[in-house]
Amino acid sequence: MDYNSFFNGTAFDAYDYFGAHPTNNGVIFRVYAPNAQNVAIVGEFNDWIPWYLSGDNGFWQGEIPSAKIGDLYKIAIYTRDGKMTEHCDPYGFGMQLRPSWCSIVRDLNEYRFTDEKWISSRDKNYNKAMNIYEMHLGSWKQNKLDENGWYTYDQIADLLIPYLKENHFTHVEFMPLSEHPADCSWGYQNTGFYAATSRYGTASQLMELIDKLHNAGIGAILDFVPVHFALDDYALRKFDGSELYEYPDSDVSVSEWGTCNFLFNKSSSAVFMQSCANFWLERFHFDGLRMDAISRAIYWQGEPERGVNPNSVDFIKRMNEGLQQRHPDCMLIAEDSTAFPKITAPVKYGGLGFDYKWDLGWMNDTLDYFRTPPIERRYHHHKLTFSMQYFYNELYLLELSHDENVHGKATIIQKMWGNYEQKFPQARAMYTYMFTHPGKKLNFMGGENAQLREWDEKREQDWDLLKYPLHESFNRYFKKLTKLYCELPALYDEEYNQNSFKWLMADNDMQNVYVYMRSAQNQNVICAFNFSGAEQSVTVTSPKSYKLTPILCSDEETYSGCTKSEDLITIYTYENKDKHSFDITLPAFSAILFEATDFKQSMSQNEK
């Protein structure tokens, strides 16, 4: 990094300059604090006696021979009004476990990646199956030998990887892993943006986890928090006695979560955050960033009625464009609930430059529909068809995330209407709808086992649920469904092309029946759903003559349904008044998938 790129806001590598960097002669420390009268480093290596840095144009630096890797340190800021405050290092690569907050000298070159094959072949997965497992690392499985119940990054790799493969997840998305003081914030209120949280070990151990994932053929996505930071006085707030990173006006400086909003028209903030995004992709080999609360960057306080925030929007564009240039094979994913246009369009075409956007509208409409008693679903029928009216406006990712499983909202299975037994057939059908609907997929941990208890960051997942028949059979169904999703090109290839999706029955509100066809690579899959509480028979018009071979039924006995496998028969279309049609009977609360092959073409080939 050079000074010019810092001051004009174009630097993406500030972490190579700022922070604590081991040298052959000790450790060199660099800090940006333009409002400070003096800056000193205090640490284990100097008995916490201030070692004053030399300053030039707001940049402070000094090499301390006695400092070494693993040492604790703080930055002492002497402000112009005569006060002294101690802070953690904004660019520090390690921090103590809460409630302590000293920065820790780390060597980011200690671990050597072995994932060259993965890196050379990865891309943005536009025409590939992408099935993401969102997880909170500390509450997935807990370590009985640790007082907090945590596994280290490298330890959990050997437990996690077989599980992801068994359930056919292509990627794992970790909730924020940068340092944060309160467990209950789940990492969304940061104090150490460049520090892998010490809850689970060191930076090198996190690198090892990602390396192991890549060598097992699994991608890694990091939940990234670019809009706000924690209020703790030892962190970024009033770092050098001035609002170096945040807004000066209290009306906009504090967010709805009680955090400080970054002011991105300051080069100190812009360079800090865009370098941080680059840092996790470059140094840790993450395959993508899911960026939290983008609506709060688009609009003032995230409220459209307050108007667009031009400073933040321009920053997001510049950051994403720079990241795309540096990492064209990595994914940038926006969590945004607004109707702001062109979230996933390239910046050069007037967009924000993201690769995917969470489809929060699809999530809300779908869950609202399945909460509704079946007798009333006819009045809400088009909650499940509406998503395809806007789907091609953006590159959408369908998500059922942690936010849908906490704070009294109930887990996904609990959201289904009815009693305990009635929830399972609906959930099997609902997940089939999700995995056959266009768009990449994300599910939060526990959903694959139909977990009933809301997520609690202090407890591990309810693994004992699998001893109960309905949960065990649900998990087997989930694995079958995700396996088919990864194997059938019709369910993922060219899904952002309108020719890949066709409604065959969209308006049958009286029977709560939906039928559509997915197509790609000369493969057709017809997806039929009955979300009513009774068996339904329908006649469906199809574009051609097809032989329909059943490949999955959510109501099969093996999955705790009522349909015998032998009752799933091949169906043939017939011509009726120059139309091709087929008749199908769907059990209550069910989904059936058929592979549709051209019947006339196959007949002529057999005759030949």
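**Exercise 1. Classify arginine 122 by burial and describe its salt bridge in this predicted model.**

Solution. Arginine 122 has 13% relative accessibility, so it counts as buried; the limit for this class is under 20%. Its salt-bridge partner is aspartate 329, and the closest N and O atoms are 3.1 Å apart. Arginine 122 belongs to the loop between α2 (116-121) and β10 (131-135), while aspartate 329 belongs to the loop between α8 (310-326) and β18 (331-334), so the pair ties together parts that are 207 residues apart in sequence.

**Exercise 2. Determine where arginine 371 and aspartate 368 lie, and assign each to a burial class.**

Solution. Begin with the contact: the two side chains, arginine 371 and aspartate 368, form a salt bridge with an N to O distance of 2.5 Å. Next, place the residues: both are in helix α9 (residues 360-371), three residues apart, which is about one turn of the helix. Finally, consider accessibility. Arginine 371, at 38%, counts as partly exposed, and aspartate 368, at 31%, also counts as partly exposed.

**Exercise 3. Assign burial classes to the partners aspartate 462 and arginine 459, and state how many salt bridges the structure holds.**

Solution. The side chains of aspartate 462 and arginine 459 meet in a salt bridge at 3.9 Å, N to O; the cut-off is 4 Å. Aspartate 462 has 16% relative accessibility and therefore counts as buried, whereas arginine 459, at 42%, counts as partly exposed. The structure holds 28 salt bridges. A network of salt bridges links Arg98, Glu179, Asp183 and Arg199.

**Exercise 4. Characterise the aromatic pairs of tyrosine 356 with tyrosine 496 and of tyrosine 514 with phenylalanine 531.**

Solution. A pair of aromatic rings is described by the distance of the centres and the angle of the planes. The structure holds 77 aromatic pairs. For tyrosine 356 and tyrosine 496 the ring centres are 6.3 Å apart and the planes stand at 50°, so the pair is tilted. Tyrosine 356 is in strand β19 (residues 356-358) and tyrosine 496 is in the loop between α13 (469-487) and β22 (501-508), so the pair ties together parts that are 140 residues apart in sequence. Both tyrosine 356 and tyrosine 496 are buried.

For tyrosine 514 and phenylalanine 531 the centres are 5.7 Å apart with the planes at 50°, so this pair is tilted. Tyrosine 514 is in strand β23 (residues 513-520) and phenylalanine 531 is in the loop between β24 (523-530) and β25 (536-542), so the pair ties together parts that are 17 residues apart in sequence. Tyrosine 514 counts as buried at 2% relative accessibility, and phenylalanine 531 counts as buried at 1%.

**Exercise 5. Identify the rings over whose faces lysine 141 and arginine 326 lie.**

Solution. Lysine 141 is placed over the face of tryptophan 463, at 5.0 Å from the ring centre. Arginine 326 is placed over the face of phenylalanine 12, at 4.0 Å from the ring centre.

**Exercise 6. Count the cavities of 30 Å³ or more and describe the linings of the largest and the second largest.**

Solution. There are three cavities of 30 Å³ or more. The largest cavity holds about 80 Å³ of space. Its lining comprises 16 residues, with Asn405, Thr411, Gly446, Gly447 and Gln451 nearest its centre. That lining divides into eight nonpolar, six polar and two charged residues.

The second largest cavity holds about 50 Å³. Its lining residues include His136, Met175, Trp186, Arg199 and Tyr200. This lining divides into six nonpolar, four polar and one charged.

Terms used
Residues numbered from 1 in each chain as written. Predicted model: local features only at pLDDT ≥ 70, side-chain atom pairs only at ≥ 80, totals over all residues. Heavy atoms only, no water. Phe/Tyr/Trp six-rings, centres within 6.5 Å; stacked < 30°, edge-to-face > 60°. Helix = DSSP H or I, 4+ residues; strand = E, 2+ residues; numbered from the N terminus. Buried < 20%, exposed > 50% of the residue type's maximum accessible area, 1.4 Å probe, protein only. Lys NZ or Arg CZ within 6 Å of the ring centre and 35° of its normal. 1 Å grid on protein atoms, 1.4 Å probe; cavity = no way out; pocket = protein on both sides within 12 Å on 5 of 7 lines; lining within 4 Å. Points joined across faces, edges and corners; volume = space filled by probe spheres on them. Nonpolar A, V, L, I, M, F, W, Y, C, P; charged D, E, K, R; others polar.
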